[in-house]
Amino acid sequence: MIWLYIAEMLLYLCFSLLIGSLLIHLVPANKKPDLVINKRVLQISILGIAFLSTAPVIRLVVFLYEDIGLLLTVQNVVGEFEVGQAWSVTVLTSLFFYFFVSVTPVFKSKVLIVVSLVFTFLLLLALGWGSHAASLTDGSGFIFHTLHFTAATVWIGILLIVSWFSVSSKNWLPFIKWFTPLAIICLIIISASGLYIMTLALNLKDYTDAWQMPYGQAILVKHLLILPVLLFAFINGIFIRAKLSRGKKVNPLPWARAESVVLLLVLSATAVLGQQEPPHSIESFIRMNGASNLFAYFHTGSMDTAMHLQFEWSILGVLFLFLGTAFGSLVIYSFKQKIPVYLTLVMGLFCVLSFYVGLMLSVG
């Protein structure tokens, strides 16, 4: 399964780089830092999408081929299953897109960039079509998954490109002035659509009960990782903007890179989440498969499959929650004290780990 998680995470990364590199070229030069982006970034991202989108198809074929044979299984998966049909559209679109990018000076013309964005949007639609959310509804799951993923890749993509491909922090203040509102809009869309997608697989009143399953563990980790994202976004969007507005010297690039690293971790958690069995029946899942290894690590002994988790505050659990709050506060304090960014990033991850352990120790 690990290969599948890695493939999904890299697929999301390819989409982010593709969208980010295209959108940033639509921004006037005086409202973004100086960037050096080779066209090969586009080409590699497109090839990556075509190649990595094969992973769920392979998984399905491996799961089914023993009953009817490999060739017939491949034909059925590609021709009958939505994930196979979406993959076919993805590969075909990627081939035309790669050819278009290779023969045209795509970064030299805004018209060519818009055409490239149309190709990209078709790939996003294909991804949403093959998603689990789309398979659960007549159309709303497809729409909300596409909205969710598009908003995430716009936010992460632009941040990745600007933080890792900038040659200087020139024009950073004008960049923050338009990027911060855009990131807030993306965050609102991600939150609203993500909540809807979650309710397709999970009744909200069963949120804590789902922590007994790998799906619930993945969604909890994903939600906790949003904490350091918000802290670094606050530093980048408020503190650094204020310093630059007052004419103070500050290098924003390391802080933007730190935020992009945490966002990539969120993508990784999303990749793991997307491959887990949704908790349509938590009781039957635990009866057949047992609790997740992570949950079982904190809760040894026999389990009642029909039990409902409740918060039972313990001294150790509250201590870890307090530690999580302290590490979160230290992220902000580290910026004020000019502590190296990598240490601040570590504190952000300790914040997530402490809250996770605190919550695991506080349910029973």
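Aromatic pairs are a good place to start in this predicted model, where the count of such pairs comes to 18. One of them joins Phe100 and Phe119, whose ring centres lie 5.7 Å apart. The planes of these two rings meet at 40 degrees, so the pair is classed as tilted, falling between the limits of 30 and 60 degrees. Phe100 belongs to helix 5 (residues 82-103) and Phe119 to helix 6 (residues 110-129), so the pair ties together parts that are 19 residues apart in sequence. Phe100 counts as buried because its relative accessible area is 16%, and buried means under 20%.

A second pair brings together Phe298 and Tyr356, with ring centres 5.9 Å apart. Here the planes stand at 75 degrees, so the arrangement is edge-to-face. This pair links distant parts of the chain, as Phe298 sits in helix 13 and Tyr356 in helix 15 (residues 341-360), 58 residues apart. As for accessibility, Phe298 is partly exposed at 22%, whereas Tyr356 is buried at 8%.

Aromatic residues also gather in a group: Phe232, Phe234, Phe239, Trp255 and Phe335 form one cluster. Phe239, a member of this cluster, has a charged neighbour as well, for the charged end of Lys336 sits over the Phe239 ring, 4.3 Å from its centre. A comparable placement is found at Trp164, where Arg257 lies over the face of the ring at 5.1 Å from the ring centre.

Charged residues meet each other, too. The structure holds one salt bridge, and the side chains that form it are those of Lys205 and Asp206, with 3.6 Å from N to O. The two partners can be told apart by their surroundings: Lys205 counts as exposed, with a relative accessibility of 64%, while Asp206 is buried, with a relative accessible area of 18%.

Turning to the helices, helix 9 (residues 172-201) is built from 30 residues. Its first and last C-alpha atoms are 41 Å apart, close to the 44 Å expected at 1.5 Å a residue. Along the way, helix 9 has a kink of about 25 degrees at Phe179, shortly before the proline Pro181.

Helix 10 (residues 214-245) contains 32 residues, and at 1.5 Å a residue these should span 46 Å. The end C-alpha atoms of helix 10 are 46 Å apart, which agrees with that expectation. Even so, helix 10 bends by about 30 degrees at Ile235. After the helix comes Gly247, a residue with a positive phi, near 80 degrees.

Outside the helices, Gln310 gives a view of a loop, the one between helix 13 (293-298) and helix 14 (315-336). Gln310 counts as exposed because its relative accessibility is 54%, and exposed means over 50%. Leaving aside residues up to four places away in sequence, Gln310 touches Ser362, Val363 and Gly364. Trp164, the residue whose ring face lies under Arg257, is 146 residues from Gln310 along the chain, and the C-alpha atoms of Gln310 and Trp164 are separated by 44 Å.

Definitions and conventions:
Residues are numbered from 1 along each chain as its sequence is written. This is a predicted model: local features need pLDDT of at least 70, side-chain atom pairs count only at pLDDT 80 or more; totals for chains, interfaces and linings use all residues. Side-chain values use heavy atoms; hydrogens and water are left out. Helices (H or I, at least four residues) and strands (E, at least two) are DSSP runs, numbered from the N terminus. The expected span of a helix is 1.5 Å times one less than its number of residues. The bend at a residue is the angle between axes fitted to the seven residues ending there and the seven starting there. Buried means under 20% relative accessible area, exposed over 50%, partly exposed in between (1.4 Å probe, protein chains only). Contact means heavy atoms within 4.5 Å. A salt bridge is a side-chain nitrogen of Lys or Arg within 4 Å of a carboxyl oxygen of Asp or Glu. Rings of Phe, Tyr and Trp (its six-membered ring) pair if their centres lie within 6.5 Å; planes under 30 degrees apart count as stacked, over 60 as edge-to-face and the rest as tilted. A charge sits over a ring if NZ of Lys or CZ of Arg is within 6 Å of the ring centre and within 35 degrees of the ring normal.
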